[in-house]
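Here is a short, friendly tour of a protein chain, written for someone who would rather be at the bench. Have a look at the sequence and the model, and then read on.

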Amino acid sequence: MAIPSDRILYMEERELYRMSMQMKEALTSMRKRSSRDNRIVKIETDLCYIDRELEIRESRRQAHREYKSSLSNKRSYRL
């Protein structure tokens, strides 16, 4: 499941969540069958990239909320 890292940047969030869930399920079933499957490492790596992208997006949303809040606080002081 090789996903180019530049593609991850432009994927919709729901698609990232869906892929993350599918990869986690695949890892669980692969680990039950064989812990030495070479594909496990590749899926784990891709999953890390996807999870990191989701974390970055959430951090951006939080920073934006804080920025908007600080703007409205500044506006209320002016009035």
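What follows goes from the overall build of the chain to two residues, one after the other.

**The chain as a whole**

Please keep in mind that this is a predicted model. The secondary structure comes to three helices and zero strands, and read along the sequence the pattern is α-α-α.

How does the radius of gyration of the chain stand beside that of a compact globule of 79 residues? The chain has 19 Å, whereas such a globule would have a value near 12 Å. The extents along the principal axes add to this picture: the C-alpha trace spans about 65 × 25 × 15 Å.

Turning to the surface, buried residues make up 23% of the 79 residues. The accessible surface of the chain comes to about 6400 Å², and 52% of that belongs to carbon and sulfur atoms. As for charge, there are 19 positive and 13 negative side chains. The centres of these two sets lie 3 Å apart.

Contacts across the sequence are also worth a look. Among contacts in the chain with a separation of 6 or more, 58% are accounted for by residues 24 or more positions apart.

**Two residues side by side**

The table sets out where Ser 20 and Glu 44 sit and how accessible they are.

| Residue | Helix | Relative accessible area | Class |
|---|---|---|---|
| Ser 20 | helix 2 (residues 13–33) | 3% | buried |
| Glu 44 | helix 3 (residues 38–78) | 27% | partly exposed |

Why does Ser 20 count as buried? Its relative accessibility is 3%, and buried means under 20%, so Ser 20 falls in that class. Glu 44 has a relative accessible area of 27%, which lies between the 20% and 50% cut-offs, and therefore Glu 44 is partly exposed.

Now for their partners. Leaving aside neighbours within four places in sequence, Ser 20 is in contact with Leu 47, Ile 50 and Asp 51. With one of these, Asp 51, the side chain of Ser 20 also forms a polar contact of 3.2 Å.

Which residues does Glu 44 touch, leaving aside its neighbours within four places in sequence? They are Leu 27 and Arg 31.

Finally, a distance along the chain: Glu 44 and Arg 65 are 21 residues apart in sequence, and their C-alpha atoms are separated by 31 Å. Glu 44 itself is found in helix 3, which covers residues 38–78.

Technical notes: Residues numbered from 1 in each chain as written. Predicted model: local features only at pLDDT ≥ 70, side-chain atom pairs only at ≥ 80, totals over all residues. Heavy atoms only, no water. Helix = DSSP H or I, 4+ residues; strand = E, 2+ residues; numbered from the N terminus. Buried < 20%, exposed > 50% of the residue type's maximum accessible area, 1.4 Å probe, protein only. Contact = heavy atoms within 4.5 Å. Polar contact = N/O pair within 3.5 Å; in protein donor to acceptor, adjacent residues only side chain to side chain. Rg over C-alpha atoms; globule rule 2.2 N^0.38 Å. Areas by Shrake-Rupley, 256 points an atom, 1.4 Å probe, with all protein chains shown as cover. Lys, Arg positive; Asp, Glu negative; His and termini not counted. Charge placed at Lys NZ, Arg CZ, Asp CG, Glu CD.
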